[in-house]
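Trainee: I would like a close look at one single residue and its surroundings. Could you walk me through it slowly, and then show me how the rest of the chain fits around it?

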Amino acid sequence: MDILNLNTKAYLDEFYKGFYNKNQSYLILSTPYELGKLQNILDIDEITFKDCLDFDDNIRLDLFNNYDFLSLNTFELINKKAVIKEINIYLADNYILVVSDKDHYIYNYVIKLIKENLVVDKTPVVALFKINYLIFKEVIVNGFETLEKLEDMILDMEDKMLEGVEDKHFHEISYIRSLTRDIVKNIRPLLYIGDRILKDNIRYLTYSNIKKHNLDNLQSIDFGIDKLYNFAISTRELADKLLDIYSSQVAEKTNNLITKLTLLTAISAPLTIITGIYGMNFEFMPELKWHYGYYLTLTIMLLIMFIGILIFKFKKFL
């Protein structure tokens, strides 16, 4: 557990019971397993406490008397796999409590804020607002970076297929499309959070002296969420187009094969006619009596094949 006192700028890298003073403000970072130490001190209700302990797909914003509780699912692209993780944030008048696993990028970001004391403001309450804004901003920025990685995967897949399609490409396309669907599914609820933050007057919009400043920041967050969602939708559409490219490349490959088979048929047609003629059972066929008739016929057949190949090469059909 990491704790930063915003009044004294004192940093604690471990929990002790006497750290909390209601008249001072704090930025607290905790893992789900450490949250039990804070439950009674911060008067955390049982429902949100249990919600922090188990991962679920629900994104929620609940407004309580003592704090506002926000539960978010974030996503990252790690080794070309979508990793969905949960963070929970308690927003109170005198503290922000971030609950996250240690391998989450938000955990590392908040650690950086605490240790480097990046949120410096004369008024601790204003510092809380800034922290709230910075955490939201980091979620959005990371979302854009993840989508850019996914976009690069799509463009690389497109380049591979333009060089020639293979059977494995279909499975790779299906995997990329599933990634985009999962990411869009996890971004969509953020639209609800962004709208509700502005419409339901969350805690940080109730301070009349700095309401306008907070409203501007939260509106920029809402705008950022909208842009992130639009980017996710366009990325999904780009992934869907991979299937069209694959189908067109397969069709072109098939057409090329059919063309070559057709040309082969055209070259072999005269040969079929010749063999058909000399396969007829007529009693009187003068050529059958020729001493070199067999060799002459084979030579003519080879010439027909050679000339046919040259003609089609010249016409660029082969």
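Is Thr 180 buried or exposed?

Mentor: Happy to. Please keep in mind that this is a predicted model, where local features need pLDDT of at least 70, side-chain atom pairs count only at pLDDT 80 or more, and totals for chains, interfaces and linings use all residues. Residues are numbered from 1 along each chain as its sequence is written, and side-chain values use heavy atoms, with hydrogens and water left out.

Thr 180 is buried, because its relative accessibility is 3% and buried means under 20% relative accessible area (exposed is over 50%, partly exposed in between, with a 1.4 Å probe and protein chains only). The residue sits in helix α5, which covers residues 167-199. Helices here are DSSP runs of H or I with at least four residues, strands are runs of E with at least two, and both are numbered from the N terminus.

What surrounds Thr 180? Leaving aside residues up to four places away in sequence, Thr 180 touches Leu 150, Ile 154, Thr 235, Arg 236 and Ala 239; a contact means heavy atoms within 4.5 Å. Of these partners, Leu 150 and Ile 154 have numbers that fall inside helix α4, residues 124-163, while Thr 235, Arg 236 and Ala 239 have numbers that fall inside α6, residues 211-277.

Helix α5 has another link worth a look. Arg 177 forms a salt bridge with Asp 240, and the closest N and O atoms are 3.0 Å apart. This pair joins distant parts of the chain, with Arg 177 in helix α5 and Asp 240 in helix α6, 63 residues apart. A salt bridge is a side-chain nitrogen of Lys or Arg within 4 Å of a carboxyl oxygen of Asp or Glu. Both partners are partly exposed: Arg 177 has a relative accessibility of 23%, and Asp 240 has a relative accessible area of 30%.

Further along helix α5 you meet Tyr 192, which is partly exposed at 43% relative accessible area. Tyr 192 and Ile 59 lie 133 residues apart in sequence, yet their C-alpha atoms are 9.0 Å apart in space.

From the strand side, Ile 84 in strand β6 touches Asn 186, along with Phe 55, Asn 73, Thr 74 and Phe 75, again not counting residues up to four places away in sequence. The number of Asn 186 places it within the range of helix α5. Ile 84 is partly exposed at 26% relative accessibility, and its C-alpha is 6.5 Å from that of Asn 73, eleven residues away in sequence.

Strand β6 also takes part in a salt bridge, one of two found in the whole structure. The side chains of Asp 103 and Lys 85 meet at 3.3 Å, N to O. They link distant parts of the chain, with Asp 103 in the loop between β7 (95-99) and α3, and Lys 85 in strand β6 (residues 81-92), 18 residues apart. Asp 103 is exposed at 52% relative accessible area, whereas Lys 85 is buried at 16%.

Just past that loop comes helix α3 (residues 105-115), where eight of the eleven residues are buried, so the helix is largely enclosed by the rest of the structure. Its buried residues include Tyr 105, Ile 106, Val 110 and Ile 114.

Now for the surface. Glu 145, Glu 148, Asp 152, Asp 156, Asp 159 and Glu 163 gather in a patch of negative charge. Among them, Glu 163 belongs to helix α4 and is exposed at 73% relative accessible area. Patches are made of residues with over 30% relative accessible area and no salt bridge, with like charges joined within 9 Å and nonpolar side chains (Val, Leu, Ile, Met, Phe, Trp, Tyr) within 5 Å. Lys and Arg count as positive and Asp and Glu as negative, while His and the chain ends are not counted; each charge is placed at NZ of Lys, CZ of Arg, CG of Asp or CD of Glu.

A nonpolar surface patch consists of Ile 273, Ile 277, Tyr 278, Met 280, Phe 282 and Leu 288, with about 580 Å² of accessible area together. Accessible areas come from the Shrake-Rupley method with a 1.4 Å probe, and for residues only the protein chains shown count as cover. Met 280 is in the loop between α6 and α7 (293-314), partly exposed at 37% relative accessibility.

Finally, the whole chain has seven helices and seven strands, and 42% of its 318 residues are buried.
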